[in-house]
Every structure is written in structure tokens, then in C-alpha cells.
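Dear colleague,

I am passing a structure on to you, together with some notes from going through it. Please open it first and keep it beside you as you read.

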Amino acid sequence: MSAIESVLVENRVFPPSEATVLAARISGMPAYEAMCAEASRDFEGFWAGLARNNLVWTKPFTRTLDESNAPFFRWFDDGELNASANCLDKHMGTPVENKTAVIFESDDGNVTRTTYRELLGKVSQFANALKAEGIRKGDRVLIYMPMTLEGVVAMQACARIGATHSVVFGGFSAKALQERIIDAGAVAVITANYQMRGGRELPLKAIVDEGLAMGGCESIRTVFVYQRTPTACNMVAGRDKTFTEVLAGKSSECAAEPVGAEHPLFVLYTSGSTGKPKGVQHSTGGYLLWARLTMDWTFDLQPSDVFWCTADIGWITGHTYVAYGPLAAGATQIIFEGIPTYPNAGRFWQMIERHQCTIFYTAPTAIRSLIKAAEGDPKVHPDRSNLKTLRILGSVGEPINPEAWMWYYKNVGGERCPIVDTFWQTETGGHMITPLPGATPLVPGSCTLPLPGIMAAIVDEAGHDIPNGTGGILVVKRPWPSMIRTIWNDPERFKKSYFPEEMGGRLYLAGDGAVRSADRGYFRITGRIDDVLNVSGHRLGTMEIESALVSHTALVAEAAVVGRPDDLTGEAVCAFVVLKGQRPTGDAAKAMAKELRDWVAKEIGPIAKPKEIRFAENLPKTRSGKIMRRLLRSIAKGETVTQDTSTLENPAILDQLGQAW
Ligand code: PRX
């Protein structure tokens, strides 16, 4: 986008229509501002009221926020509740009981509907099966499931008995699984024989077997196997049990186990600045409160809505806006097993029409790839489907470029649906900075303003506020209920990563850069300021990919990974590799690059495969041996290096790297 165009785009403002404002739960900016003012006036009272009114507590809390051991904040900590009871039991005896909870569409287009009453039965029955295998409150259970109703049932069943789940995305490798099983000390794995994606049957159980065989997973006693497809898979006698087997004869009633509000509902691994993914630990009470509330606030959920979040349960978005939020709010939601381009790239639009979807929430990467597809083939353009039922659109996971925003607004939303560009993270549990559909005037590419009670700000490196219009570091100044509680097994890393002493130790550091507009104070996220990349909305650590590359000890001497902008995937992974032998060229280089890409896929998962690998005889280093990544970033972008290179030990290497690109 040219500079002039960007100025034009930023000047576009789309206020909600009068009808939208009038019908909305948070109606107009004064209503939003009043909520913010209330949170500032009586911070604890604000949250306590919401927690009392929106959750069912088996034991009411008397303490709202305990800051005595900051930054290990505790919310509602003497209260007790159960997350599954708050998603299911709560609706029994209300009009929601027989409402459709889930419309499930499989990869091949088969549709099933499940009511809240039926879902409660399934979850309870599976919870009984978990208990029968000796799984108890406080145990950790690893879930490696396809995007199916059974995946959500597995999560809810763990929550029901007080077991902490750790869901691993079905695209991660055996090695990634093994590392997470060991770190979490999981006692069981819930998986499926295969998963169906885009008409292809992909193994899951075989990957679990491989991961467990790598050793160190002796804590695993049971592997539960959902038979997703008729194809048989290897079963280890005594350890592996099919769903059919464990569910046989189990009652579909199971009392929900009350847990303390701070009890870990789940641990979800995500990438950070070092080679090892971190287990983000979430609470039960505070997390669920935010999942529930943001359904009402951000999506303005109404009883008749048909909500569809396209995220996989392996990511935080699939936790909060598939497995918990919509159920806690009593919504009807669509769960889709497949991919947006199968059998054709009109699948999303056809499904919106088929299921009369009203709120649609997806990632910019999906939008960008569907724009490209629609431009190439009018048959998959959204205008071929009737999208009149839509009333709110959402975007999540990465910055949405104004062009994609405009296309989404016009072609999917018919210029009538507000787009909520929701900024948040695995660590925040739910939305942080986002427009409210019935209040906030929209500006393409901006996530606009923080939700009430979220004290987001932009500061300099010392933690001091900086004026609007100046780029800086995004922080949150006060704790909020759904924040990360700690990094599983690593409280020190938690403190260092999120509450660094250099900034006073009390500010939550998001890891993103941001700028507020001079006129409205709207936030725009400018991207990560650490070594985390965002590729197609998937979070990857450059160090993690480097570790994977150098673990190929036979071939690789050294590697450095950086990101560069990519029109389709947002960012792309670029690896600079120094091999142990000669620097390869031509076909040999191609073959070697393929081998290393496959190696990374095996070590982490296909999503982490570098888009480009370039070989060099060395990497640009300072005299003390530090790799100068900012130079590599420029080279990856194809820019001429203009930075100061006087501290470089080996300036000549820049020529070689430059030529390589
Ligand atoms: O860089 C921000 C980007 O995604 C990061 C969080 O990734 P993850 O923990 O995987 O969670 C993704 C789903 C919530 C953030 O640090 N990000 C997320 N949403 C946005 C965003 N960047 C810009 N705009 C957004 N709406």
C-alpha cells in the first residue's frame, strides 16, 4: 500500500448504523464510556459484580482480587465453581435446554445437530469414562483431537471432573507432543485414529504412538481413541481404549466437581522468545468470566444468533470462542471440521448460507486467501451465496490490512455488518482491545479501544506513558480476571517474560508494539517486538525453529531465523543456514533445503516449515559473536542494508547473503 493510500484508508471511519446502536447490548459510545468509568471508579467492585451476575458459584467468593503476591494475581480465589456446569448444567430448565448448542459440519459436508441437553449427556458420559480410568481432579490430560464435537466434549469432560486439559493442535509433530506430555506430566491422551481435512485422512493416533515411543512419557496410563474414520489404527493392549469401549455402560449423568476459582482449567502451549514453548496456565473462574462476558460485549450475542468461530480447538481462539464462551453464553454455534478451500474456496460462504450464520469470526489469513480465490474464480465469490443473515463479522490473530478489511466489509458484510478486529493473545484468555459492534466507529486496520476494565497503554522502554501518535510498547497496567496465571513449571520465566523488572515489574508486557491515533486514541498493533513470528495467524518462535534446524547435527552448523512480510500469510519464515560441509548451490541447495524443511516439519509441525532457506558460509556477527538479526531481517526483505555495520566481524558476508536472495 502506498503512503498516500494509507493516509486515505486511515481517514475512513464507519460508525455503526442507528439501528445497530439501538438494538445493541452496549448501545453507543456513552454506554461504553460509562462502563469504563465505572471500572476506573471502583475496579474491584466492577469485576465482582460481573462475576456474581454472570457465573454460577457453588461457593460464593468474598475476595475479588488478591495482589499480595504480584504478579501472581488471584481472582475470586475463595469462591468455587465448575466450568462445565457453567456451560451446560446452568441452562437446564431454561429455554436453552432444548436449543441447538452445536451445528457440526464434517469435512465431507455431513451435518449433525446437538442440543444443550444432549451435549450435557455426552460430556457427563465421557466424564464418567475418564473417572473410570482413574483420572482425578488436578490430573493433566493431553488432548490431540480433530476439530469435531468430540474434541469439545473431551475438553468439557476434563473441566467437569476438575482435570486440567492441554490441547495440542493436530498439526503439531510427535516430538512437540512428547515435549508437552513431559512438561505437563499428563496422565492420559485423548486422540482420534485419524482426522479428515480437505478430503484427506491424516493420522493422529500414529503420531501419538511415535511421540510416546520417544520416551519420558511414562506418566501416560491411558490413550483414549475416538474412531473418526473406519480405518483401523494400532492399539496397544492395556493402554489404548476406543471411545466405544470406555463409554459402554457409562451413565450420562455425572455431578460436576466444584473447584477453586484459581484451579487451572487448562494449560495451552505457545511460542515465546526462547526455544522452548511455554505452558500458559489459565484459571477457572476469571477465565470463564471473560469468555462469557466477551460473547455479550464483543459479539453483542442475542438469543437467536448463530455464532461461528472458525478457529481450531488447538489454539486459544478455539478454547475461548468454541469450547467455552459460546456454551457459557447459551449460543447456537457452528463447528466445522474441514478447511476453507475444500471442496472449493466458497465453502465458508456456502456454510454461512446453509446454517443461517449471524456472527462470523475468522482470521485475516483466511480472508486474504479467499479474496485471492474469489478473484480467480467467480464461482467461489461470496456474492454467489446469500449472506443476508450475517450481522457481525470478526477478525482475530494478526493485523488485518485495510484492503482485506474493506473487502470483508463490502463483500461478506454487505457494508452493513460491523467488523470487530479483536486484539488479544493466548496469555490474555480473551479479547482485550476491540471495537464494540453497537458503539465503536470503525477504522480499518485498527483494533480501536480496550474493553471496559482493561487498562491498556503504550509506554517507552522504561515503562513511562508516551503520547498518542508515537509508537511504543503495548502494556496492560492493571490485572484482569482472565490473564495468564503463570507458566506451567516455570514461575520465574513467567515473571521475566510478562512483568519485567526493567519496566517496574507491575506492567503486563504483551510483546507487541502499538501506536494510538492522535485523533481518537485508537490502538493499532504494529507487530511483535520480540522473537515471535505470526505466520497465517499461527504463533512461532524464531528460536524454536533455529533449535529445530541445529538439532540436525549431521548437517547444520548454525542457523538464524527471521520473519519477513508476506502478502498472504502476514509473515513468512526465512532461515539462514550454515552447513557443516561446503555451501551448496544449484540443485544440491534445493535438495538440502527440502530436507531441512521436512526436518522442521518433523521436529515442530508443518506450520513451522521455513518458506525460504538460504545457505551461507557464515552469519553476520558482532565481534563478540552475536548474530545481527536486524541485518538478516533487512536481507530477508530484499532491502539493501543501510544500517551501521561497523561492529560487524565479517562484513563481507553481507554480499554473499545479499546475492543469495
Ligand atoms: O501479535 C499479536 C497477534 O497475535 C499475537 C497473539 O498470538 P496468539 O497467542 O497465538 O493468539 C492469537 C489469537 C488471539 C499477538 O501478540 N494478534 C492477535 N490478534 C491481533 C493481533 N495483531 C493485530 N491485530 C489483532 N487483532
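Below is what was found, grouped by region.

Please bear in mind throughout that this is a predicted model.

I begin with a sheet in the second half of these notes' element list, where four strands form an open arrangement in the order S21-S22-S24-S25, with antiparallel pairing. Its edges are strand S21 (456-459) and strand S25 (523-528), each of which pairs on one side only, and the twist from one strand to the next averages 45°. Strand S22 (residues 472-476) is joined to S24 by four bridges, and the two run antiparallel; within this pairing, Val475 has Leu509 in S24 as its bridge partner. On the other side of the pairing list, strand S24 (residues 508-516) is joined to S25 by five bridges, again in the antiparallel sense. Two of the bridge partners can be named here: Arg516 is matched with Phe523 in S25, and Gly513 is matched with Gly527 in S25. The hairpin of S24 and S25 has six residues between the strands, and Gly521 in this hairpin takes a positive phi near 75°. As for its surroundings, S24 is mostly covered, with eight of its nine residues buried.

One residue of S24 also takes part in a ring contact. A search of the whole structure finds 42 aromatic pairs, and one of them is formed by Tyr498 and Tyr508, which are stacked at 5.7 Å centre to centre with 10° between the planes. Tyr498 belongs to helix H16 (residues 491-498) and Tyr508 to strand S24, ten residues apart, and the pair is thus a link between distant parts of the chain. Both Tyr498 and Tyr508 are buried.

Elsewhere, ring pairs link Phe43, Phe46, Trp47, Trp57, Phe61, Trp75, Phe76, Trp290 and Trp297 into a cluster. One of these rings, that of Phe43, has Arg478 lying over its face, at 4.5 Å from the ring centre. A further arrangement of this kind involves Arg180, whose charged end sits over the ring of Phe172, 4.7 Å from the centre of that ring.

A third arginine deserves a paragraph to itself. Is Arg160 buried or exposed? Arg160, which has its place in helix H7 (residues 149-161), counts as buried because its relative accessibility is 2%, and the cut-off for that word is under 20%. Leaving aside neighbours within four places in sequence, Arg160 is in contact with a set of residues that includes Asp89 and Glu257, together with Asn82, Ser84, Ala85, Leu120, Val123, Ser124, Ala127, Cys254, Ala255 and Ala256.

Cys254, one of those contacts of Arg160, leads on to the cysteines. A disulfide is a covalent bond between the sulfur atoms of two cysteines. How many disulfides does the model contain? The count comes to zero, and Cys254 in particular is in no disulfide, the nearest cysteine sulfur being that of Cys158, 12 Å away. Since buried means under 20% relative accessible area, Cys254 is placed in that class by its value of 7%, and Cys574 also counts as buried, at 0% relative accessibility.

Turning to helix H17 (residues 542-550), its buried residues include Thr542, Glu544, Ile545, Glu546, Ala548 and Leu549. Against which elements do the buried residues of H17 pack? They pack against four strands, namely strand S26 (532-535), strand S27 (538-541), strand S28 (556-566) and strand S29 (570-579), and also against helix H18 (586-603) and H19.

H19 comes up again with Ser646, which has its place in the loop between helix H19 (629-637) and helix H20 (652-660). Ser646 is partly exposed, with a relative accessible area of 48%. The C-alpha atoms of Ser646 and Thr622 are separated by 8.9 Å, although the two residues are 24 residues apart along the chain.

Finally, there is another hairpin, in which strand S9 (residues 194-197) and strand S10 (residues 200-203) pair in the antiparallel sense over four bridges. Met196 stands opposite Glu201 in S10, and Gly198, in this hairpin with two residues between the strands, takes a positive phi near 60°.

With kind regards

Methods:
Residues are numbered from 1 along each chain as its sequence is written. This is a predicted model: local features need pLDDT of at least 70, side-chain atom pairs count only at pLDDT 80 or more; totals for chains, interfaces and linings use all residues. Side-chain values use heavy atoms; hydrogens and water are left out. Two strands pair if DSSP finds at least two bridges between them. Axes are lines fitted to C-alpha atoms, for helices over the stretch in contact, and angles run from 0 to 180 degrees between N-to-C directions. Rings of Phe, Tyr and Trp (its six-membered ring) pair if their centres lie within 6.5 Å; planes under 30 degrees apart count as stacked, over 60 as edge-to-face and the rest as tilted. Buried means under 20% relative accessible area, exposed over 50%, partly exposed in between (1.4 Å probe, protein chains only). A charge sits over a ring if NZ of Lys or CZ of Arg is within 6 Å of the ring centre and within 35 degrees of the ring normal. Contact means heavy atoms within 4.5 Å. A disulfide is a pair of cysteine sulfur atoms within 2.5 Å.
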